[in-house]
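Here is a structure to read together. A learner asks, and a teacher answers.

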Amino acid sequence: MKKIIAMLLALGMTVSLWGCGEEGSNNGAANSEVTTGTGTDQKQDGGNKAAGSGEVSENEETAEGLRILNTGDNQSCYTEAGYYYFAEPSELSDENWGMHLMYMDFATAQEIYLCNNAGCNHDTIDCPAVFSVEEFPCFSTIPFIHGNSLYFLSKSADQDGSVSFSATEDGVNVADVENSTSYLYRANIDGTGREKIYTFGENVTLEDVVMGDDQGIYVITKTLTADKTAEGTYFNSTERKLVYLDLETLEEKMVCDLEFGDSISWKLIDCYGQNLVFEGLDYGREVTNQELFDDDSYVELYEQSKEVIATVNINDGKLNEVYRMAKEKESSFLTKDNLLYISWKEDGRIISVNMDSGEEKEVCKSGNNYLFRAVGDKLCCTNWDLGEDATFYYVDTKTGEVSHSELVNKCNGWRLEFRAELESDMLMVYDYEAIRNPDDSYEISRYQYGLISKEDLFLGNDNFRKIDMIKGGI
């Protein structure tokens, strides 16, 4: 990891950090039959969609309209049969670095390297499970499933909205816009037959969400700009567009312009039907990069801002404002299908807003109503003081009934981590292999995954079916 950190420092320190943990054992089976299924999930580590935590998107072949194909952490995807993820980069036998593509087979409850080569040590670039970090940038390459194929969007990190500081000894800022080209690869569902099938335009940055319909994928493209100042280099974007790529003909076309001519920086958080869902903060005026990254000025800006949810129909490209929330009142929100759910700490209300009609309904009132994610027809909520209560409260969106599950991480009582929603089960991180430090922090060497039925999850029944892990997980 020291070499990876050195590589990142050489490129400049960007205010948008990724966490790294320790790997587990490298021993494991090299062969397994990988079957197909459907489904995607966006990882929820807490908070609402505004915090980048994402929401579940069903990826069924019969689904109508848009669906999100990648997870919120960009490092994983799944089907009803198994879960794929990129393990953290490690050194190969030739001293180069690569990522391993791992697969958790739900039928056998086994994790394997996605490699069918008998006797393979999975430490050379010719192993199907190994992805060179030079060809597939770590932390930003996106795996996803469409139809019966596994895809990999190789792209550099999206620096839009960040600031970079020089890592040179003389303090001179040398950070520049990352202009590496993005590529799309396709492989069989078992990882074999990987090939590059498409090259996106030069000097075009792709955002971190891949959406799909039955024929192809949608991505958001833009051009990055770098504003170099004495404080650092601020990265922003122009020419933001929604682009469609037909996966059969490999023809690309521009769908609609995503420049709306206002002072709000819009972030894509979901999609449904023919609609994109965006979230943004309205400060009431144009703000400078310096104001956004100055702690004192930003606190004042944030407290006076309004959180705005809006939709864009891709057929006409028009922005339709759905709801505004003043930041002076603590609130949380998430979206599922065409419904926006909002909760307020002050009075315990949870409401739903139909994003097509604007109709509002009260779902329930609860003191533990911080919206964490959706699971099926239930809203998974937490206490507003996350350090005080790591358990979950489930709100039935049809009846308003609230149930309490006391399941927490077995190692240290932290909250459970959701990884994938299947038809009847959830894939969760429910335990750690970890060392507790004197300051009560933890050095985690392995994330323990397990499947649990949704019914047991809601009722708090400790019936996890353990996945036999050979890597540390993510």
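The dialogue below goes from confidence, to overall make-up, to single strands and residues.

Q: Before I trust any detail, what is the mean pLDDT of the chain?
A: Start with confidence, since this is a predicted model. pLDDT is the predictor's confidence in each residue, from 0 to 100. Here the chain mean is 84, and 84% of the residues reach 70 or more.

Q: Over which residues is the pLDDT below 50?
A: Two stretches to mark are residues 35-63 and residues 167-175. Residues 35-63 still have 106 contacts in the model beyond near neighbours in sequence. For residues 167-175 that count is 16.

Q: How many helices and strands does the chain have?
A: Count the elements before looking at any one of them. This chain has four helices and 34 strands.

Q: What share of the residues is buried?
A: Buried means under 20% relative accessible area. By that cut-off, 53% of the 474 residues in the chain are buried. The accessible surface comes to about 21,000 Å². Carbon and sulfur atoms hold 44% of that surface.

Q: What part of the contacts joins residues 24 or more positions apart?
A: Take the contacts with a separation of 6 or more. Of these, 55% are between residues 24 or more positions apart. Ile444 and Tyr432 show how sequence and space can be read side by side: they are 12 residues apart in sequence, and their C-alpha atoms are 6.5 Å apart. Ile444 sits in strand 33, residues 442-453. Its relative accessibility is 14%, so Ile444 counts as buried.

Q: Now a single strand. How many residues of strand 24 are buried?
A: Check burial residue by residue, then judge the strand. Strand 24 covers residues 339-344, and five of its six residues are buried. The strand is therefore largely enclosed by the rest of the structure.

Q: Which strand pairs with strand 24 over six bridges?
A: Look for the bridges, then for the direction. Strand 23, residues 331-336, pairs with strand 24 in the antiparallel sense over six bridges. Ser331 stands opposite Trp344 of strand 24. The two strands form a hairpin with two residues between them. In that turn, Asp337 has a positive phi of about 55°.

Q: How many bridges join strand 24 to strand 25?
A: Five bridges join strand 24 to strand 25, residues 349-354, and the two run antiparallel. Leu340 faces Val353 of strand 25. This pair is also a hairpin, with four residues between the strands. Gly348 in the turn has a positive phi of about 75°.

Q: In what order do strands 27, 28, 29 and 30 lie in their sheet?
A: Read a sheet across its strands and look for the edges. Here the order is 27-28-29-30, in an open sheet with antiparallel pairing. Strand 27 (370-375) and strand 30 (402-405) stand at the edges. Each has a single partner strand, so one side of each is left without a neighbour in the sheet. On average, neighbouring strands of this sheet are turned by 30° against each other, direction ignored.

Q: How many bridges pair strand 28 with strand 29?
A: Four bridges pair strand 28 (residues 378-382) with strand 29 (residues 392-396), in the antiparallel sense. Cys381 has Tyr393 of strand 29 as its bridge partner.

Q: How many disulfides does a search of the whole structure find?
A: Zero. Check sulfur distances, not sequence positions: a disulfide needs two cysteine sulfur atoms within 2.5 Å. For Cys380, the closest cysteine sulfur is in Cys381, 6.8 Å away, too far for a bond.

Q: Are Cys380 and Cys381 buried or exposed?
A: Cys380 is buried, with a relative accessible area of 0%. Cys381 is also buried, and its relative accessible area is 0% as well.

Q: Last, backbone angles. Which phi does His122 have, positive or negative?
A: Note the sign of phi, then ask whether the residue is a glycine. His122 is not a glycine, yet its phi is positive, about 60°. His122 is in the loop between strand 7 (110-113) and strand 8 (130-132). At 5% relative accessibility, His122 counts as buried.

Q: Where does Phe139 lie?
A: Phe139 is in the loop between strand 8 and strand 9 (142-146). Phe139 has a positive phi of about 75°, although it is not a glycine. With 13% relative accessibility, Phe139 counts as buried.

Conventions. Residues are numbered from 1 along each chain as its sequence is written. This is a predicted model: local features need pLDDT of at least 70, side-chain atom pairs count only at pLDDT 80 or more; totals for chains, interfaces and linings use all residues. Side-chain values use heavy atoms; hydrogens and water are left out. Buried means under 20% relative accessible area, exposed over 50%, partly exposed in between (1.4 Å probe, protein chains only). Two strands pair if DSSP finds at least two bridges between them. Axes are lines fitted to C-alpha atoms, for helices over the stretch in contact, and angles run from 0 to 180 degrees between N-to-C directions. Contact means heavy atoms within 4.5 Å. Accessible areas come from the Shrake-Rupley method with a 1.4 Å probe; for residues, only the protein chains shown count as cover.
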